[in-house]
Amino acid sequence: MSTLHDKSWFDATVVATTMVAEEIKRIELAVPFDVSCKAGEHIDVLLPGAERQLKRSYSIVDADRQAGTVALSVFRTPNSRGGSIMMHTLVPDSRLRVSSPQQDFPLRIGARRYVLLAGGIGITAILSMADTLRRVGANYHLIYVGRHRAAMAYLDRVIADHGEKATIYVDAENKPLNVKQLVAEIDSDTELYMCGPIRLMDAVRRTWHDTDLDITNLRFETFGNSGWFEPEPFTVTVPRLGLTTQVEQDESLLEALERAGADMMFDCRKGECGLCQVKILSLQGRIDHRDVFFSEAQKNEELPATLCCCVSRVSGTDLSPNIELDIP
Ligand code: FES
């Protein structure tokens, strides 16, 4: 079990900010640690100016060891009242607290072939992998999917640096990605790394599961930050602890429970390990399962028994959505 408080946090200073696509800001930070970052690494950021302690994870897009800087890119989420809006207010000389680079999405060098799949802001997790594979002369295919070109960060760089090894799919140009075809063209010596919206990753995972392909060759980064429905506030009650609180639109259920004083179990905080699962006693609304821990069958139950509270939410009825949990 870990908490927000047991990680080492460092002071970082913003040295530059640039808009790199619609609603996507690149933020370069001077950091006081070694920045020999590896592909797939991210840093955690304690949100500046937040009333309560909130953490977000952002992929390291670039690291400049000589300058001692790392670059992140932040998508301003529609309807955000907190996290991404706060990050978008940063200007040069702003200060914030960050973790050292964390690795949850390692790139294994040595596969015969790679497919890298990025959807939207997911390019920020995938780009350093593509750059690394190009550097080592690996056989790779980079696939970048977006709504329209102006919303696709680093698109020019992808095209310039990865040329014919990159394929771009743009919804607005009626060029959608065919997931079934993509998976059908993958052989047993290929590793697929992906990061993007949950619908895209779910479609790939479901199609992959229908094949004989080795599941360990499918790797993904979730960040637990995109769901089936827009996040909205909802109420959580834990009768055993005598606790009721509102989960704000920009905080997770886990964060709200911690704020209200519950002693929670967790590890990854991004819907992968299942450690934070909590028992559902009753529900008004529907569960927006954003984890990759539970099976499709478990998620599709009419009243699921549990949910991963680090990422999953409650949304969507005319009545105020609320959930009652049992936490020992
Ligand atoms: S803490 Fe790992 S799934 Fe929630």
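**Briefing: a pocket, a sheet and a buried threonine**

The second largest pocket has a lining of 19 residues, and those nearest its centre are Cys37, Lys38, Ala39, Thr132 and Arg135. The structure is a predicted model, and the points below take up this pocket, then an open sheet of five strands, and then the residue Thr190 in strand 12.

**The second largest pocket**
- The space in the second largest pocket comes to about 370 Å³.
- Strand 5 (62-64) and helix 2 (123-135) each give at least two residues to the lining of this pocket, and helix 2 provides the largest share of that lining, with four residues.

**The five-stranded sheet**
- The strands of this open sheet follow the order 15-14-20-16-18, and their pairing is mixed.
- Strand 15 (243-247) and strand 18 (306-308) form the edges, each of them pairing on one side only.
- On average, and with direction ignored, neighbouring strands of this sheet are turned by 35 degrees against each other.
- Within the sheet, strand 14 (residues 234-238) pairs with strand 20 (residues 322-326) in the parallel sense over three bridges, and Thr235 has Asn322 in strand 20 as its bridge partner.

**The surroundings of Thr190**
- Thr190 belongs to strand 12, which covers residues 190-195, and it counts as buried because its relative accessibility is 0%, where buried means under 20%.
- The side chain of Thr190 is joined to the side chain of Asp187 by a polar contact of 2.7 Å.
- Leaving aside residues up to four places away in sequence, Thr190 touches Arg113, Tyr114, Val115, Trp208 and Asn217.

Conventions:
Residues numbered from 1 in each chain as written. Predicted model: local features only at pLDDT ≥ 70, side-chain atom pairs only at ≥ 80, totals over all residues. Heavy atoms only, no water. Pairing = 2+ DSSP bridges. Axes fitted to C-alpha atoms, helices over the stretch in contact; angles between N-to-C directions. Buried < 20%, exposed > 50% of the residue type's maximum accessible area, 1.4 Å probe, protein only. Polar contact = N/O pair within 3.5 Å; in protein donor to acceptor, adjacent residues only side chain to side chain. Contact = heavy atoms within 4.5 Å. 1 Å grid on protein atoms, 1.4 Å probe; cavity = no way out; pocket = protein on both sides within 12 Å on 5 of 7 lines; lining within 4 Å. Points joined across faces, edges and corners; volume = space filled by probe spheres on them.
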